[in-house]
Amino acid sequence: MKPVVGATPRVVKSEQEWRAQLSPDEFAVLRQAGTERPFTGEYTDTKATGVYECRACGAELFRSDTKFESHCGWPSFYDPADSDAVLLREDRAMGMKRIEVLCGSCHSHLGHVFEGEGYPTPTDQRYCINSISLKLVPGSENPPA
C-alpha cells in the first residue's frame, strides 16, 4: 500500500505482521485497498447502536448515529466520529477520480467518500465503507472520554 504523503501512522506494523493478524479477505481490503462485493458485508443493513472501529487497529471511526441507508451495497455514514478519525486522499485507480478514506491511526483502506449525491444528511457526504474494514462495538454511541 502506498504511504500517505505528509502523515505518519500511529500504528505501524510490517506486512508480515498485518498478514498474521488479519484474515486474507481483511488484508486484501484493509492493506491492499480492495473492495468487498456489494450487499455482502456484515454491517450493510445493521441498525444496532454502537461505535464502529477499525478492524485492523481498533481506532474509533464512526458512530451508529451517523449511519444511514444509502442502498449502495456498503455501510454508509455521513460523518466520522472525530476529525482525526480518518484521512482522505485522491484515488485515480480504475480510470476515475475518487476520494479514498483511510484509518487515521493505521492508514488502512476503509472505502471512499462521495459528495453531492442528494442524500438528506447534514454533511451531504456519503462515506461508503467496506464492512470488512469495520468492527461494531455495540452499546453507547457516546462512550466516556
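**Entry 1: the β1–β2 hairpin**

I looked up Glu53 to find its place in the pairing of strands, and its bridge partner in β2 is Glu60. I keep in mind that this is a predicted model. The pairing of β1 with β2 is antiparallel and extends over three bridges. I then followed the chain between these two strands, where five residues complete a hairpin, and I noted that Gly58, in the turn, has a positive phi of about 85°.

**Entry 2: the other neighbour of β1**

Next I turned to β9, which is joined to strand β1 (residues 50-54) by five bridges, with the two strands running antiparallel. Within this pairing I found Cys54 opposite Leu134 in β9, while Gly50 has Pro138 of β9 as its bridge partner.

I put the two pairings together and read the order of the open, three-stranded sheet as β2-β1-β9, with antiparallel pairing. Since β2 (60-63) and β9 (134-138) each have a single partner strand, they stand at the edges, and so one side of each has no neighbour in the sheet. From one strand to the next I noted an average twist of 30°.

I also asked myself how many residues of β1 are buried. Five of the five are buried, so β1 is largely enclosed by the rest of the structure.

**Entry 3: the second sheet**

I went on to an open sheet of six strands, whose order is β3-β4-β8-β7-β6-β5, again listed with antiparallel pairing. Here β3 (67-68) and β5 (86-91) are at the edges with a single partner strand each, so one side of each is left without a neighbour in the sheet. I checked β3 and β4 in particular, and they run antiparallel and are joined by two bridges, with Phe68 standing opposite Ser76 of β4.

**Entry 4: the nonpolar core**

Which residues have the most contacts inside the largest nonpolar core? That core has 23 residues, and I listed Leu61, Phe62, Val86, Leu110, Tyr127, Ile129 and Leu134 as those with the most contacts inside it. Among the elements that give two or more residues to this core I found α2 (24-30), β1, β2 and β9, together with β6 (98-103), β7 (109-115) and β8 (125-129).

I chose Val86 for a closer look and, leaving aside its neighbours within four places in sequence, I found it in contact with residues including Leu61, Phe62, Pro80, Val101, Leu110 and Tyr127.

**Entry 5: aromatic rings**

I counted five aromatic pairs. For Phe62 and Phe77 the ring centres are 4.4 Å apart and the planes lie at 15°; planes under 30 degrees apart count as stacked, so this pair is stacked. The pair links distant parts of the chain, since Phe62 belongs to strand β2 and Phe77 to strand β4 (residues 76-77), 15 residues apart.

Are these two rings on buried or exposed residues? Phe62 is buried, with a relative accessible area of 0%, and Phe77 is buried with a relative accessible area of 0%. I noted lastly that Phe62 and Phe77 belong to one aromatic cluster with Tyr43, Tyr52 and Tyr127.

**Entry 6: the annotated domain**

I looked up the record as well, and UniProt, in an unreviewed entry, places the feature "domain: MsrB" at residues 15-139. Over residues 15-139 I read 11% helix and 34% strand, and the end C-alpha atoms of this stretch are 33 Å apart.

Key:
Residues are numbered from 1 along each chain as its sequence is written. This is a predicted model: local features need pLDDT of at least 70, side-chain atom pairs count only at pLDDT 80 or more; totals for chains, interfaces and linings use all residues. Side-chain values use heavy atoms; hydrogens and water are left out. UniProt positions are given in the numbering used here, feature names are shortened, and annotations may be inferred rather than shown by experiment. Helices (H or I, at least four residues) and strands (E, at least two) are DSSP runs, numbered from the N terminus. Two strands pair if DSSP finds at least two bridges between them. Axes are lines fitted to C-alpha atoms, for helices over the stretch in contact, and angles run from 0 to 180 degrees between N-to-C directions. Buried means under 20% relative accessible area, exposed over 50%, partly exposed in between (1.4 Å probe, protein chains only). A nonpolar core is a set of buried Ala, Val, Leu, Ile, Met, Phe, Trp, Tyr and Cys residues joined through side-chain atoms within 4.5 Å. Contact means heavy atoms within 4.5 Å. Rings of Phe, Tyr and Trp (its six-membered ring) pair if their centres lie within 6.5 Å; planes under 30 degrees apart count as stacked, over 60 as edge-to-face and the rest as tilted.
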